[in-house]
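Welcome, and please open your viewer. We will begin with the whole chain and then select a few aromatic side chains, stop by stop.

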Amino acid sequence: MKQAPAASGIRLRAALATVHRDPRWWLKCLGYGAAAATGLGLPLAAGFVMESLDNSRRGYPAPLPPWGDPFLRSLTGLFALLIDFAFFVLPLLVGGALVVAISLTLLLAGPPAARVLPWALSAVGLATGLIVLLMFVAGIAPVGRLRFAHDGRIEEALDLATLRYALAPPQRSLFLRARLASLPAYLPATISASVTWSLASLRFPGQVAVFALGVWLTLAALVYAHLVVVQLYVAAEGEVQRRGEPSPSRGAA
């Protein structure tokens, strides 16, 4: 796929303007947020964001894709979710498995070993949290999606070379700028999730409906945030290439 350089640079305002260039951006966010709220429609929402990334890399002025084939879009979204799983959920699962293994080992070893159990579990929890935080700050999953969009090869996106590429200079600083610029885009989802969680602890008529509405709006806001993130990382990729660096696919091979 041909890469179009992002002339506007890694700026949140430019990313927001690109998303808002589609007059129905809010309707699409609500629609795919509703799909994600069903659980089964989560790949469909992820595929929508993935197509927006691909359109941006091709240089489309209004990259939000129209309503299209839900099956093909869901298939693309499954691969995108697999990238997220590999770089976010999998470290948490490994950390959880270590917690269980260490707990059983120390408890079976007797009281002297059991005394260090809280320290051991804290160390595992801290290490796991730091790894996940590194993955988020370094933008490993968005970079993996860039690699997937480049050649359509999921095995390259899941390769450890993605991690090496994202953490190597000068990509490291550019992707960090993209991540920092993307943080305000998560504020609507954060606020919506906080309000929804607060209302869940209360008892009032229509609570279930209000909670469902809150979940819907939170997921719609997350779709919006991911659309903004797409623009920022495509701009970062364009900046990498303007500096003469290889593309994510060739550079991480």
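**Stop 1: the whole chain**

Start with everything shown as a cartoon, and keep in mind that this is a predicted model. Of the 253 residues in the protein, 43% count as buried. Colour by secondary structure and you will find 13 helices and zero strands. Turn the C-alpha trace along its principal axes, and the span is about 65 × 55 × 30 Å.

Now switch on the surface. Its accessible area is about 13,000 Å², with 73% belonging to carbon and sulfur atoms. If you colour by charge, look for 21 positive and 12 negative side chains; the centres of these two sets lie 8 Å apart.

How do the contacts run along the sequence? Among contacts between residues at least 6 apart in sequence, 75% join residues at least 24 apart. The next stops show aromatic pairs that link distant parts of the chain.

**Stop 2: tryptophan 25 and tyrosine 224**

A search of the whole structure finds seven aromatic pairs. For one of them, select tryptophan 25 and tyrosine 224, which form a tilted pair, 5.2 Å centre to centre with 40° between the planes. Tryptophan 25 is in helix α2 (residues 25-37), while tyrosine 224 is in helix α12 (residues 207-242), 199 residues apart.

Is each partner buried or exposed, or partly exposed? Tryptophan 25 has 25% relative accessibility, so this residue counts as partly exposed. Tyrosine 224, at 13%, counts as buried, because the cut-off for buried is under 20%.

**Stop 3: tyrosine 32 and tryptophan 67**

Stay on helix α2 and select tyrosine 32, then add tryptophan 67 from the loop between α3 (42-58) and α4 (70-108). These two residues are 35 apart in the sequence. Which kind of pair do the rings of tyrosine 32 and tryptophan 67 form? Their centres are 5.0 Å apart and their planes meet at 15°, so the pair is stacked; the cut-off for stacked is under 30 degrees.

Tyrosine 32 is buried, with a relative accessible area of 3%. Add Phe48 to your selection: Tyr32, Phe48 and Trp67 form one aromatic cluster.

**Stop 4: arginine 179 over phenylalanine 136**

For the last stop, select arginine 179 and phenylalanine 136. What sits over the ring of phenylalanine 136? You will see the charged end of arginine 179 there, 4.0 Å from the ring centre.

Technical notes:
Residues are numbered from 1 along each chain as its sequence is written. This is a predicted model: local features need pLDDT of at least 70, side-chain atom pairs count only at pLDDT 80 or more; totals for chains, interfaces and linings use all residues. Side-chain values use heavy atoms; hydrogens and water are left out. Helices (H or I, at least four residues) and strands (E, at least two) are DSSP runs, numbered from the N terminus. Buried means under 20% relative accessible area, exposed over 50%, partly exposed in between (1.4 Å probe, protein chains only). Contact means heavy atoms within 4.5 Å. Accessible areas come from the Shrake-Rupley method with a 1.4 Å probe; for residues, only the protein chains shown count as cover. Lys and Arg count as positive and Asp and Glu as negative; His and the chain ends are not counted. The place of a charge is taken as NZ of Lys, CZ of Arg, CG of Asp or CD of Glu. Rings of Phe, Tyr and Trp (its six-membered ring) pair if their centres lie within 6.5 Å; planes under 30 degrees apart count as stacked, over 60 as edge-to-face and the rest as tilted. A charge sits over a ring if NZ of Lys or CZ of Arg is within 6 Å of the ring centre and within 35 degrees of the ring normal.
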